[in-house]
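Biologist: Hey, could you pull this one up and walk me through it? I'm new to it.
Modeller: Sure, here it comes.

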Amino acid sequence: ASDATSERQTKSLEQFGKGQQDSVATEILNKAGQRIEVGDRCIVKEKGPGKVMFLGETSFKAGIWAGVELDQPQGKNDGLVNGVRYFQC
């Protein structure tokens with residue numbers, strides 16, 4: 001894989017579920033200022049590695065949120081939150 005692909009696959013989210021509170025925001029950036037995209041590999045603080053499955057607005061809270069399918073089954077849900085399916089895992 002190219003350096004750009006490798007770099008993209010190792011992006012890190014500081015905290016799963018921490019969306020930007022600005023209602024104008026359209027993307028989530030990691031600490032290095034890189035754009036996080038669906039399909040990226042990431043590391044969720046205190047949870048471990050996973051894959052970004054959802055990015056966008058939700059019905060449960062304002063802002064742009066990330067949904068991550070963790071490599072190990074230790075998350076809060078399977079992509080279904082308050083009866084709304086954001087992703088499947």
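Modeller: Let's start with tyrosine 86, which is buried, at a relative accessible area of 17%. Keep in mind that this is a predicted model.
Biologist: OK. Which ring does tyrosine 86 pair with, and at what angle are the planes?
Modeller: Tyrosine 86 pairs with phenylalanine 60: the ring centres are 5.8 Å apart and the planes sit at 90°, so the pair is edge-to-face.
Biologist: And where do those two sit along the chain?
Modeller: They link distant parts of it, being 26 residues apart. Phenylalanine 60 is in the loop between strand 2 and strand 3, while tyrosine 86 is in the segment after strand 5 (84-85).
Biologist: How many aromatic pairs does the structure hold?
Modeller: Three. One of them joins phenylalanine 60 and tryptophan 65, again edge-to-face, with 5.1 Å from centre to centre and 70° between the planes.
Biologist: Is phenylalanine 60 buried, partly exposed or exposed?
Modeller: Partly exposed, with a relative accessible area of 34%. Tryptophan 65, on the other hand, comes out at 12% relative accessibility and counts as buried.
Biologist: So which residues do the ring pairs link into a cluster?
Modeller: The cluster is made of Phe54, Phe60, Trp65 and Tyr86.
Biologist: While we're on that loop, where does serine 59 lie?
Modeller: Serine 59 is also in the loop between strand 2 and strand 3. It counts as exposed, because its relative accessibility is 57%. Its C-alpha atom is 8.5 Å from that of asparagine 82, and 23 residues separate the two along the chain.
Biologist: Let's do the sheet. What's the strand order?
Modeller: The order is 1-2-3, in an open sheet of three strands with antiparallel pairing. Strand 1 and strand 3 stand at the edges with a single partner strand each, so one side of each has no neighbour in the sheet. On average, neighbouring strands are turned by 55° against each other, ignoring direction.
Biologist: How many bridges are there between strand 2 and strand 3?
Modeller: Six, and the two strands run in the antiparallel sense. As for bridge partners in strand 3, glycine 56 has tryptophan 65, and phenylalanine 54 has glycine 67.
Biologist: Is strand 3 out in the open or enclosed?
Modeller: Largely enclosed by the rest of the structure, because five of its six residues are buried.
Biologist: What makes up the largest nonpolar core?
Modeller: Nine residues: Ile28, Ile36, Cys42, Val44, Val52, Ile64, Ala66, Val68 and Leu70. Strand 1 and strand 3 (65-70) each supply at least two residues of this core. Strand 3 gives the most, with three.
Biologist: Any general reason to expect a group like that?
Modeller: In soluble globular proteins, nonpolar side chains tend to be buried together.
Biologist: I see a cysteine in that list. Is cysteine 42 buried or exposed?
Modeller: Buried, at a relative accessible area of 3%. Cysteine 89 counts as partly exposed, with 39% relative accessibility.
Biologist: And how many disulfides does the count give?
Modeller: Zero, going by the rule that the two cysteine sulfur atoms must be within 2.5 Å.
Biologist: New topic. Where does aspartate 40 lie?
Modeller: In the loop between helix 1 (3-9) and strand 1 (41-44). Aspartate 40 counts as buried, because its relative accessibility is 4%, and the cut-off for buried is under 20%.
Biologist: What lies 2.8 Å from a polar atom of its side chain?
Modeller: The backbone nitrogen of glutamate 37.
Biologist: And how far is aspartate 40 from lysine 51?
Modeller: C-alpha to C-alpha, aspartate 40 and lysine 51 are 5.7 Å apart in space, and they are eleven residues apart in sequence.
Biologist: Great, thanks for the tour!

How values were computed. Residues are numbered from 1 along each chain as its sequence is written. This is a predicted model: local features need pLDDT of at least 70, side-chain atom pairs count only at pLDDT 80 or more; totals for chains, interfaces and linings use all residues. Side-chain values use heavy atoms; hydrogens and water are left out. Helices (H or I, at least four residues) and strands (E, at least two) are DSSP runs, numbered from the N terminus. Buried means under 20% relative accessible area, exposed over 50%, partly exposed in between (1.4 Å probe, protein chains only). A polar contact is a pair of N or O atoms within 3.5 Å; within protein, one must be able to donate a hydrogen and the other to accept it, and residues adjacent in sequence count only if both atoms are side-chain atoms. A nonpolar core is a set of buried Ala, Val, Leu, Ile, Met, Phe, Trp, Tyr and Cys residues joined through side-chain atoms within 4.5 Å. Two strands pair if DSSP finds at least two bridges between them. Axes are lines fitted to C-alpha atoms, for helices over the stretch in contact, and angles run from 0 to 180 degrees between N-to-C directions. Rings of Phe, Tyr and Trp (its six-membered ring) pair if their centres lie within 6.5 Å; planes under 30 degrees apart count as stacked, over 60 as edge-to-face and the rest as tilted.
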